[in-house]
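Please look over the sequence and the fold shown below before reading on. The report that follows moves from the interior to single residues in the loops.

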Amino acid sequence: MRYDDLKRAIEEIWENRELLTGKRDAVYEVIELLDKGRVRAAEPEGDGWRVNEWVKKAVLLYFPIREMQTLHCGVLEFHDKMPLKTGYAELGVRVVPHALARYGAYLAPGVVMMPSYVNIGAWVGEGTMVDTWATVGSCAQVGRRVHLSGGVGLGGVLEPVQAAPVIVEDDCFIGSRCIVVEGARIGSEAVLGAGVVITGSSKIIDVSGPSPVEYVGYVPPRSVVIPGVRPKVFPAGEYGVPCALIIGRRNESTDKKTSLNQTLREHNVSV
């Protein structure tokens, strides 16, 4: 079925769920295209990103047409509606036990999954490392050559369907135990130090210049970011609330890996 026809079918089912039984093949086809990376929940467009709402709708429609089943991986047993992704050797993806990805998540050639988890609808670009106990939520978009360090949590944003998912662009380094949720966007080549939390409403304050510059839910490209605290007055008094601080930039003129290592040393960033 052509993409335009698939989109039309999904929109019709979304508006009238009674059609789901007769047109479920359209839903299955979209999930297969997601699994192969031929459609995406969101994709680059100009300087920003476009959300493909109809693709997210297909993911949501996939859940009710699946039945619970028992899956076995050797002595391990699972009980779920969603099948697991398979065929990693053919895909050129390295998957270390006990890494799991759901069918409908795209993993590009050269991706390495340490014991970690990638959910349905996610897109993970070529050469990216998903390190130990990192999680990539449903429909999250992760670029090429990204390093998601141990324990990183990228949230999933399925609903509302018009909302942008979490986006981590190419060549980013996301430090240990960072959390990125609520459709936050991390610009290309950015470095998040260990423990940084970025939400859709997080204040990200650039303190590298003579006066602060504030962003909300967005980290500009090549930024070096560490956790911070800013004062806020409440009825009970003044307290510190979390924020993130941009303390510098990666060097554009050198190799990305060299630039990353140099930046981490110069700014004494914990990763």
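How many residues does the largest nonpolar core have, and which of them have the most contacts inside it? The largest nonpolar core has 40 residues, and Val136, Leu148, Ile186, Leu192 and Ile198 are those with the most contacts inside it. A nonpolar core is here a set of buried Ala, Val, Leu, Ile, Met, Phe, Trp, Tyr and Cys residues joined through side-chain atoms within 4.5 Å, and buried means under 20% relative accessible area, exposed over 50%, and partly exposed in between, with a 1.4 Å probe and protein chains only. Strand S7 (106-107), strand S10 (123-124) and strand S26 (237-249) are the elements that give two or more residues to this core. Apart from this core lies another one, of 26 residues, among them Leu6, Leu20, Val59 and Val161.

The model is predicted, and local features need pLDDT of at least 70, side-chain atom pairs count only at pLDDT 80 or more, while totals for chains, interfaces and linings use all residues. Residues are numbered from 1 along each chain as its sequence is written, and side-chain values use heavy atoms, with hydrogens and water left out.

**The chain as a whole**

The secondary structure comes to five helices and 26 strands, where helices (H or I, at least four residues) and strands (E, at least two) are DSSP runs numbered from the N terminus. Along its principal axes, the C-alpha trace spans about 60 × 45 × 40 Å. The radius of gyration of the chain is 20 Å, which agrees with the value near 18 Å that a compact globule of 271 residues would have; this radius is taken over C-alpha atoms, and the globule rule is 2.2 Å times the number of residues to the power 0.38.

Of the 271 residues in the chain, 47% are buried. The accessible surface comes to about 13,200 Å², and carbon and sulfur atoms hold 52% of that surface; accessible areas come from the Shrake-Rupley method with a 1.4 Å probe, and for residues only the protein chains shown count as cover. Among the contacts with a separation of 6 or more, 37% are between residues 24 or more positions apart, where contact means heavy atoms within 4.5 Å.

**From the core to the loops**

Ile198, one of the core residues with the most contacts, touches Ile179, Val180, Val181, Ala184, Ile186, Leu192, Ile204, Val219 and Ala244, not counting residues up to four places away in sequence. Thr199 lies in the loop between strand S21 (197-198) and strand S22 (203-206). Is Thr199 buried or exposed? Thr199 is buried, because its relative accessible area is 17%. Leaving aside neighbours within four places in sequence, Thr199 is in contact with Val181, Glu182, Ala184 and Gly217.

Gly175, in the loop between strand S17 (173-174) and S18, counts as buried because its relative accessibility is 0%. Beyond the neighbours within four places in sequence, Gly175 is in contact with Ser149, Val152, Leu192, Gly193, Ala194 and Val271. Gly175 and Val152 are 23 residues apart in sequence, and their C-alpha atoms are 7.2 Å apart in space.

Glu67 belongs to the loop between helix H3 (53-65) and strand S3 (69-73), and it is exposed because its relative accessible area is 65%. Not counting residues up to four places away in sequence, Glu67 touches Asp80 and Lys81. Glu67 and Val124 are 57 residues apart in sequence and 27 Å apart in space, C-alpha to C-alpha.

**Backbone details**

Two residues that are not glycines have a positive phi, and the table sets them side by side.

| Residue | Phi | Loop | Relative accessible area |
|---|---|---|---|
| Arg145 | about 55 degrees | between S13 (141-142) and S14 (147-148) | 46%, partly exposed |
| Glu182 | about 60 degrees | between S18 (179-180) and S19 (185-186) | 52%, exposed |

The peptide bond from Pro97 to His98 is cis, with omega near 5 degrees, and His98 lies in the loop between strand S5 (94-95) and strand S6 (100-101). The peptide bond from Glu159 to Pro160 is also cis, with omega near -5 degrees, and Pro160 is found in the loop between strand S15 (153-154) and strand S16 (167-168).
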